[in-house]
Amino acid sequence: MRRATLEMIVALGLMCLCIAGTVEAARFPQESAYLPTAVFAAASLLSLVWAGQSFATRLRRGEGFLIVEPLELRRLALIAAGALALAVAIPTLGFFTSFAFLVPGIAWATGYRRPRGLAVGTLIFIGVLYAVFVLILNRPLPVEVWQALLA
């Protein structure tokens with residue numbers, strides 16, 4: 001998939017998320033709604049500009065509106081299924097255990113086949129998650145399945 005195509009898809013998806021964030025933030029109490037509503041609305045507009053620029057690039061190159069190869073659609077479907085599986089697995093298996101299985105699983109399913117790279121990437125990803133949520137934000141995370149079994 002060409003970069004302009006990927007950017008256009010990401011920009012449109014981001015725009016949809018930002019519009020949903022704008023609608024949700026507008027429901028906040030009056031005093032606390034202003035900043036998140038403004039940020040999400042601005043991000044929506046910037047995403048629209050980004051998508052427009054990517055579309056213009058595609059038209060200049062004569063690529064047409066949107067041509068996606070079946071392999072790319074398969075990868076996109078696998079990533080979406082992995083994200084859904086992650087959302088289901090976190091409450092059941094725990095935060096870190098879910099990521100330990102699903103991050104390399106999604107990478108493997110989408111074509112990355114280097115075991116050492118999968119292991120290192122997963123460990124780095126879990127380490128960053130641990131640092132952000134536990135050490136920096138001091139947020140409790142769901143109990144890991146192995147912790148519940150050992151207790």
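# Helix packing and local environments

Leaving aside neighbours within four places in sequence, Ile 126 is in contact with Phe 96, Phe 99 and Ala 100, where contact means heavy atoms within 4.5 Å. The model is predicted, so that local features need pLDDT of at least 70 and side-chain atom pairs count only at pLDDT 80 or more, whereas totals for chains, interfaces and linings use all residues. Residues are numbered from 1 along each chain as its sequence is written, and side-chain values use heavy atoms, with hydrogens and water left out.

## The nonpolar core

Ile 126 also belongs to the largest nonpolar core, a group of seven residues that further comprises Leu 86, Ile 90, Phe 95, Phe 96, Phe 99 and Leu 129. Such a core is a set of buried Ala, Val, Leu, Ile, Met, Phe, Trp, Tyr and Cys residues joined through side-chain atoms within 4.5 Å. Two or more residues of this core come from each of helix 3, helix 4 and helix 5 (115-136). Helix 4 makes the greatest contribution to this core, with three residues. Helices here are DSSP runs (H or I, at least four residues), numbered from the N terminus.

## Helix 4 and its two partners

How closely do the axes of helix 3 and helix 4 come, and at what angle do they cross? The axes of helix 3 (residues 70-93) and helix 4 (residues 95-109) come within 9 Å, and they cross at roughly 165°. Axes are lines fitted to C-alpha atoms over the stretch in contact, with angles from 0 to 180 degrees between N-to-C directions. Helix 3 and helix 4 are therefore roughly antiparallel to each other; angles over 145 degrees count as roughly antiparallel, under 35 as roughly parallel, 65 to 115 as roughly perpendicular and the rest as oblique.

On the side of helix 3, the contact is made by Arg 74, Leu 78, Ile 79, Gly 82, Ala 83, Ala 85, Leu 86, Ala 89, Ile 90 and Leu 93. Helix 4 supplies Phe 95, Thr 97, Ser 98, Phe 99, Leu 102, Ile 106 and Ala 109 to this contact. By class, the contact of helix 3 with helix 4 has 13 nonpolar, three polar and one charged residues. Ala, Val, Leu, Ile, Met, Phe, Trp, Tyr, Cys and Pro count as nonpolar, Asp, Glu, Lys and Arg as charged, and the others, Gly among them, as polar.

The axes of helix 4 and helix 5 come within 10 Å and cross at roughly 145°. In this contact, helix 4 contributes Phe 95, Phe 96, Phe 99, Ala 100, Val 103, Pro 104, Ala 107 and Trp 108. The residues of helix 5 in the contact are Leu 118, Thr 122, Phe 125, Ile 126, Leu 129, Tyr 130, Phe 133 and Val 134. The contact of helix 4 with helix 5 holds 15 nonpolar residues, one polar residue and no charged residues.

## Helix 1 and helix 2

The axes of helix 1 (residues 3-26) and helix 2 come within 8 Å, crossing at roughly 160°. Helix 1 and helix 2 are therefore roughly antiparallel to each other. Their contact divides into 20 nonpolar, eight polar and two charged residues.

## Individual residues

The table gives the place and the relative accessible area of selected residues. Buried means under 20%, exposed over 50% and partly exposed in between (1.4 Å probe, protein chains only).

| Residue | Place | Relative accessible area |
|---|---|---|
| Ala 41 | helix 2 | 30%, partly exposed |
| Gly 62 | loop between helix 2 (30-60) and helix 3 | 61%, exposed |
| Thr 110 | loop between helix 4 and helix 5 | 19%, buried |
| Asn 138 | loop between helix 5 and helix 6 (145-150) | 62%, exposed |
| Glu 144 | loop between helix 5 and helix 6 | 4%, buried |

With neighbours within four places in sequence left aside, Glu 144 is in contact with Leu 93, Gly 94, Phe 95, Phe 96 and Thr 97. The C-alpha atoms of Glu 144 and Ser 98 are separated by 8.9 Å, while the two residues are 46 residues apart along the chain.

Thr 110, with neighbours within four places in sequence again left aside, is in contact with Arg 75, Leu 78 and Ile 79. From C-alpha to C-alpha, Thr 110 and Leu 14 are 22 Å apart in space, and they are 96 residues apart in sequence.

Ala 41 and Val 23 are 18 residues apart in sequence and 9.1 Å apart in space, C-alpha to C-alpha. Gly 62 and Gly 94 are 32 residues apart in sequence, with a C-alpha to C-alpha distance of 48 Å. Asn 138 has a positive phi of about 55°, although Asn 138 is not a glycine.
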